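Here are a few exercises to work through with the structure open beside you. Try each task before you read its solution.

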Number of protein chains: 2
Amino acid sequence: MHVMIIGAAGMIGRKLTGVLAEQGAINGQTIERLTGVDIVEPGMPEFSGECEAIAADLSAEGTAERLVASRPDLIFHLAAIVSGEAEADFEKGYRINMDGTRSLFEAIRLEGEKRTWCPKVVFTSSIAVFGEPLPEEISDTFLLAPLTSYGTQKAIGELLLADYSRRGFLDGIGIRLPTITVRPGKPNLAASSFYSSILREPLSGKEAILPVDESLRHWFASPRAAVGFLIHAAELDTAPLGARRTLSMPGLSATVGEEIEALRRVAGEKIATLIRQEPDETIMRIVASWPKNFTAERAIELGFKAETSFDEIIQAHIEDELGGKLPE
Amino acid sequence: MHVMIIGAAGMIGRKLTGVLAEQGAINGQTIERLTGVDIVEPGMPEFSGECEAIAADLSAEGTAERLVASRPDLIFHLAAIVSGEAEADFEKGYRINMDGTRSLFEAIRLEGEKRTWCPKVVFTSSIAVFGEPLPEEISDTFLLAPLTSYGTQKAIGELLLADYSRRGFLDGIGIRLPTITVRPGKPNLAASSFYSSILREPLSGKEAILPVDESLRHWFASPRAAVGFLIHAAELDTAPLGARRTLSMPGLSATVGEEIEALRRVAGEKIATLIRQEPDETIMRIVASWPKNFTAERAIELGFKAETSFDEIIQAHIEDELGGKLPE
């Protein structure tokens with residue numbers, strides 16, 4: 001089968017591409033062809049089959065049509081600009097996140113009109129589709145009411161995915177990812193950056209800054225779990241989803257204090273003391289409004305699995321990013 | 001002030017335009033200019049101020065920009081193709097209902113960039129944004145999960161309205177209308193047509209066909225109430241809405257049996273016997289999945305008012321459409 005990953009240069013996209021190349025199969029079928037697409041040419045892993053890396057802007061005229069002309073059997077659509085950028089550049093956010101997604105779905109519909117074709121499409125949405133006021137625990141039937149342009153664009157993507165699936169143009173499944181922790185790499189300007197950096201930096205022997213109160217609760221899964229969600233979504237029979245094609249993924253609801261406690265347990269007191277409290281009112285205000293917990297009932301019933309403790313999340317990071325080793 | 005009604009040739013649009021022309025004011029301000037827009041040139045009522053009728057397709061290149069160049073203070077956006085047509089013609093539905101709405105909001109944003117302008121925009125959404133499985137009573141925080149392309153397009157309109165409002169490009173308020181009964185005119189091919197015709201036809205001395213079971217429950221308001229919602233929405237301070245800009249309107253939850261009982265009470269046994277049962281499996285299947293009841297708590301709290309019995313709905317029809325008279 002032919003698998004296409006749009007957004008293959010992103011953190012999750014790279015990991016997913018790597019796992020697919022290594023597995024060489026999905027849902028019991030051999031992957032003969034693997035195509036990675038991103039705004040910059042994605043680096044592709046070693047792969048036994050046909051492998052291609054394409055630099056393309058999904059929202060540009062004709063791009064989506066060109067991409068789907070090869071009629072992949074399975075398309076992962078992970079491409080998006082992030083929340084902060086979509087908020088800072090209104091037009092770019094709508095162009096990339098909304099028009100890009102719609103162009104892809106439209107191109108699939110029109111390609112399928114030429115000759116029957118209904119590819120599986122796995123779309124990554126976000127918990128940013130939810131906005132205050134929120135219940136302590138968000139159920140699977142709670143209102144989508146985003147408070148960012150990014151969340152709005154993702155919610156629109158979900159609606160389009162459902163309608164295009166209902167009409168039989170594609171076989172879509174959307175997954176709302178928790179905040180992915182521990183993100184590898186460097187601290188960035190995202191308000192959520194500290195959730196990763198207070199683990200990642202100490203685990204590399206560096207100091208990290210904690211800008212919020214330890215009582216703050218939020219919703220997490222590891223990059224490894226995120227890749228697992230994507231693969232499980234691709235392998236899932238979508239019939240039981242009915243018309244509601246996007247699912248809130250399972251995750252771990254934990255406080256910052258619990259996160260730090262887990263670091264102490266896994267890596268020891270010395271590493272945990274590398275976290276320095278430095279309250280930041282702006283970050284506190286932003287993250288205070290974020291979801292704290294989800295029932296994720298439908299996803300759990302359908303077999304999606306996430307970590308159940310921060311110990312596991314930290315362990316996954318040590319294994320996947322640090323070669324299993326802690327700093328001396 | 002300058003009021004623009006987009007969709008002024010439709011049933012609700014005509015009534016709204018008539019009421020605005022007659023009142024000559026809204027929210028305590030004199031209406032100096034009244035502009036009606038529709039795909040066909042709307043017939044405009046007698047009006048003391050400046051009055052214009054424009055035939056234009058909102059989704060056509062440049063139309064929205066041209067319309068907003070006159071910088072109306074208040075814009076009612078009622079234009080849409082109906083559910084059946086949006087389902088039959090996928091591309092047209094998205095072009096008119098989604099792209100048309102987005103074009104309007106974009107044109108307002110870009111006009112406001114030239115020189116500060118933030119018009120009030122009243123957008124009509126629909127209970128078609130909700131889809132099965134549904135609770136007996138739909139709350140204000142229930143998931144938007146449409147089962148039609150029309151409902152999808154309306155839900156996307158709601159999301160855009162909220163985001164454009166949050167960003168300060170316009171001051172939007174959306175209202176989800178119940179099934180409007182009694183629609184004047186003739187029976188049409190809409191699955192919901194019978195809800196009006198089983199009242200309207202007998203009240204004009206004609207026979208009507210009832211294709212469903214009398215136990216079927218649904219959600220109603222009169223055309224008069226719908227116009228009332230629109231005017232109340234236009235006059236409402238949107239600050240208490242927060243980021244959730246669209247409200248499910250209040251309405252009457254009633255069974256077909258209760259509807260017929262009310263006809264009997266208001267118009268007498270002879271008229272009520274003009275309803276002939278002729279079960280239609282297709283119609284039954286479609287309407288069985290529609291919402292039955294709403295809490296409409298937010299809208300009620302904000303002062304929106306609907307009828308509380310079918311007697312009132314029928315009375316409104318007799319007064320507004322039949323000159324207060326029943327057939328001999």
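The exercises below concern a predicted model, and each comes with a worked solution.

**Exercise 1. Work out the strand order of the open sheet in chain B and name its edge strands.**

Step 1: Trace the pairings across the sheet. You get 7 strands in the order β5-β4-β1-β6-β7-β8-β12 of chain B, with parallel pairing.
Step 2: Look for strands that pair on one side only. Those are β5 (50–55) and β12 (246–248) of chain B.
Step 3: Check the twist. Ignoring direction, neighbouring strands are turned by 15 degrees against each other on average.
Step 4: Zoom in on one pair. Strand β4 (residues 33–38) of chain B runs parallel to β5(B) over 6 bridges, and V37(B) sits opposite I54(B).

**Exercise 2. Place strand β7 (residues 120–126) of chain B among its neighbours, and decide whether its residues are buried or exposed.**

Step 1: Find the partners. On strand β6 (residues 74–77) of chain B there are 4 bridges to β7(B), and on strand β8 (residues 171–177) of chain B there are 7; both pairings are parallel.
Step 2: Follow K120(B). Its bridge partners are L74(B) and D171(B) in β8(B).
Step 3: Sort the side chains. In a regular strand they alternate between the two faces of the sheet. Here K120(B), V122(B), T124(B) and S126(B) point one way, while V121(B), F123(B) and S125(B) point the other.
Step 4: Judge burial, taking 20 or more other C-beta atoms within 10 Å as the cut-off. In β7(B), 7 of the 7 residues are buried, so the strand is largely enclosed by the rest of the structure.
Step 5: Add the helix. β7(B), helix α5 (residues 149–166) of chain B and β8(B) form a right-handed β-α-β unit. α5(B) lies across β7, β8 and β12 of chain B, at about 155 degrees to β7(B).

**Exercise 3. Describe how helix α1 (residues 11–23) of chain A packs on helix α7 (residues 223–235) of chain A.**

Step 1: Get the geometry. The axes are 10 Å apart, at an angle of about 65 degrees, and the crossing is right-handed.
Step 2: List the contact. α1(A) supplies M11(A), I12(A), K15(A), L16(A) and V19(A); α7(A) supplies P223(A), A226(A), V227(A), L230(A) and I231(A).
Step 3: Classify them. You should count 9 nonpolar, no polar and 1 charged.

**Exercise 4. Which helix gives the most to the side of chain A that touches chain B?**

Step 1: Count both sides: 17 residues come from chain A and 17 residues from chain B.
Step 2: Assign them to elements. Helix α5 (residues 149–166) of chain A leads with 6 residues.
Step 3: Sort the chain A side by class, which gives 10 nonpolar, 4 polar and 3 charged residues.

Note on methods. Residues are numbered from 1 along each chain as its sequence is written. Chains are lettered from A and ligands numbered from 1 in the order in which they are written. This is a predicted model: local features need pLDDT of at least 70, side-chain atom pairs count only at pLDDT 80 or more; totals for chains, interfaces and linings use all residues. Two residues are in contact if their C-beta atoms, placed from the backbone, lie within 7 Å. Helices (H or I, at least four residues) and strands (E, at least two) are DSSP runs, numbered from the N terminus. Ala, Val, Leu, Ile, Met, Phe, Trp, Tyr, Cys and Pro count as nonpolar, Asp, Glu, Lys and Arg as charged, and the others, Gly among them, as polar. A residue is buried if 20 or more other C-beta atoms lie within 10 Å of its own, exposed if 12 or fewer, and partly exposed in between; C-beta atoms are placed from the backbone. Two strands pair if DSSP finds at least two bridges between them. A crossover is right-handed if, with the strands pointing away from the viewer, the path from the first strand over the helix to the second runs clockwise. Axes are lines fitted to C-alpha atoms, for helices over the stretch in contact, and angles run from 0 to 180 degrees between N-to-C directions. A crossing is left-handed if the near helix is turned anticlockwise from the far one by less than a right angle, and right-handed if clockwise.
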